[in-house]
Amino acid sequence: MLRDGRQFHGVVIDPPLPAGGIRLTDHNGRIFQLSDARGKIVLVYFGYTNCPEECPITMAKLRQAFDLLGDQSRVIQVLLVTTDPANDGPEQLKGYLANFHPEFLGLYGTPEELQTVWSDYGVVVMDGGETHSTRTYVIDQNGDLAMTFPYEMEAADMASDLRLLLRSR
């Protein structure tokens with residue numbers, strides 16, 4: 001899809017929308033606020049650590065995209081927002097994400113805090129967290145929801161889109 005004459009592989013939101021606020025606890029026990037990441041591209045994925053397919057495949061693709069970006073990945077933050085607050089605490093999230101990339105953050109909170117974030121992104125969570133969105137939400141450096149990456153998207157295409165977003169800075 002085209003935006004400002006550039007070819008994107010993801011689903012572009014044009015014009016970009018203000019991203020929903022995120023204020024949750026990260027797997028290191030620190031409060032993470034989306035506003036603290038202004039100036040970075042933030043990739044938000046909603047999933048859970050015991051997911052058998054979509055979540056680990058998506059995290060692996062994001063890791064591959066990071067590898068393809070090299071030093072440019074320093075200005076990108078990946079967030080895994082749990083859809084299973086009953087089972088995904090800090091240790092589970094930390095151990096799970098260590099399999100993918102040391103800079104990826106797992107976020108958790110109370111069911112009420114998570115429900116607010118899920119709702120802000122239009123994510124419906126059912127079946128104890130097993131049913132959730134499989135899209136990755138891309139928030140640009142201005143804090144706007146600029147695009148989504150569908151589950152089927154390849155890591156090289158993700159990296160290409162992220163490079164384009166970084167150039168528009």
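**Exercise 1. Work out how strand 6 is paired with strand 9, and follow the pairing onward to strand 10.**

Solution. Begin with strand 6 and strand 9, which run antiparallel and are joined by four bridges in this predicted model. To place the pairing residue by residue, take Tyr45, whose bridge partner in strand 9 is Thr136. Next, move across strand 9 to strand 10 (144-149), where four bridges again join the two strands, which run antiparallel. Here Thr136 stands opposite Phe149 of strand 10, and Thr136 is also the bridge partner of Tyr45. Finally, look at the turn: the hairpin of strand 9 and strand 10 has four residues between the strands, and within this hairpin Gly143 takes a positive phi near 85°.

**Exercise 2. Decide which residues of strand 9 lie on each of its two faces, and whether these faces are covered or open.**

Solution. The starting point is that in a regular strand the side chains alternate between the two faces of the sheet. Strand 9 covers residues 136-139, with Thr136 and Val138 on one side, while Tyr137 and Ile139 are on the other. Because a residue counts as buried under 20% relative accessible area, the last step is to check each of these residues; all of them are buried, and both faces of strand 9 are therefore covered.

**Exercise 3. Describe the surroundings of strand 7, using its burial, its neighbouring strands and the helices that connect them.**

Solution. Strand 7 comprises residues 76-82, and seven of its seven residues are buried, so the strand is largely enclosed by the rest of the structure. On one side are Ile76, Val78, Leu80 and Thr82, and on the other are Gln77, Leu79 and Val81, so that both faces are covered. Turning to the neighbours, strand 6 (residues 41-47) runs parallel to strand 7 and is joined to it by seven bridges, with Gly47 standing opposite Thr82. Strand 8 (residues 105-108) also runs parallel to strand 7, and the two are joined by three bridges; one such pairing sets Leu80 against its partner Gly106. The chain passes from strand 7 through helix 2 (residues 90-98) to strand 8 in a right-handed β-α-β crossover. A right-handed β-α-β unit is likewise made by strand 6, helix 1 (residues 54-69) and strand 7.

**Exercise 4. Find the salt bridge of the structure and explain how its two residues are placed.**

Solution. A search of the whole structure finds one salt bridge, and it is formed by Asp67 and Arg63, whose closest N and O atoms are 3.0 Å apart. Both residues belong to helix 1, and because they are four residues apart there, about one helical turn separates them. The general rule behind this step is that an α-helix has 3.6 residues a turn, so residues three or four places apart point the same way. As for accessibility, Arg63 is partly exposed, with a relative accessible area of 31%.

**Exercise 5. Test whether the length of helix 4 agrees with or departs from the expected span, and list its buried residues.**

Solution. Helix 4 has 13 residues, 155-167, and at 1.5 Å a residue these should span 18 Å. The C-alpha atoms at its ends are 18 Å apart, which agrees with the expectation. Its buried residues are Ala155, Met158, Ala159, Asp161, Leu162, Leu164, Leu165 and Leu166.

**Exercise 6. Identify the elements that build the largest nonpolar core, and examine the contacts of Leu43.**

Solution. In soluble globular proteins, nonpolar side chains tend to be buried together. The largest nonpolar core here has 32 residues, and those with the most contacts inside it are Leu43 and Met59. Two or more residues are given to this core by each of strand 6, helix 1, strand 7, helix 2, strand 10 and helix 4. Apart from this core lies another, of 22 residues, among them Ile13, Leu34, Trp118 and Tyr137. Not counting residues up to four places away in sequence, Leu43 touches a set of residues including Leu62, Val78, Val138, Phe149 and Leu162.

**Exercise 7. Show that Glu103 and Val78 are apart in sequence and yet in contact.**

Solution. Glu103 lies in the loop between helix 2 and strand 8. Although 25 residues separate Glu103 from Val78 in sequence, their C-alpha atoms are 7.5 Å apart in space. Leaving aside its neighbours within four places in sequence, Glu103 is in contact with Gln77 and Val78.

Note on methods: Residues are numbered from 1 along each chain as its sequence is written. This is a predicted model: local features need pLDDT of at least 70, side-chain atom pairs count only at pLDDT 80 or more; totals for chains, interfaces and linings use all residues. Side-chain values use heavy atoms; hydrogens and water are left out. The expected span of a helix is 1.5 Å times one less than its number of residues. Buried means under 20% relative accessible area, exposed over 50%, partly exposed in between (1.4 Å probe, protein chains only). Two strands pair if DSSP finds at least two bridges between them. A crossover is right-handed if, with the strands pointing away from the viewer, the path from the first strand over the helix to the second runs clockwise. A salt bridge is a side-chain nitrogen of Lys or Arg within 4 Å of a carboxyl oxygen of Asp or Glu. A nonpolar core is a set of buried Ala, Val, Leu, Ile, Met, Phe, Trp, Tyr and Cys residues joined through side-chain atoms within 4.5 Å. Contact means heavy atoms within 4.5 Å.
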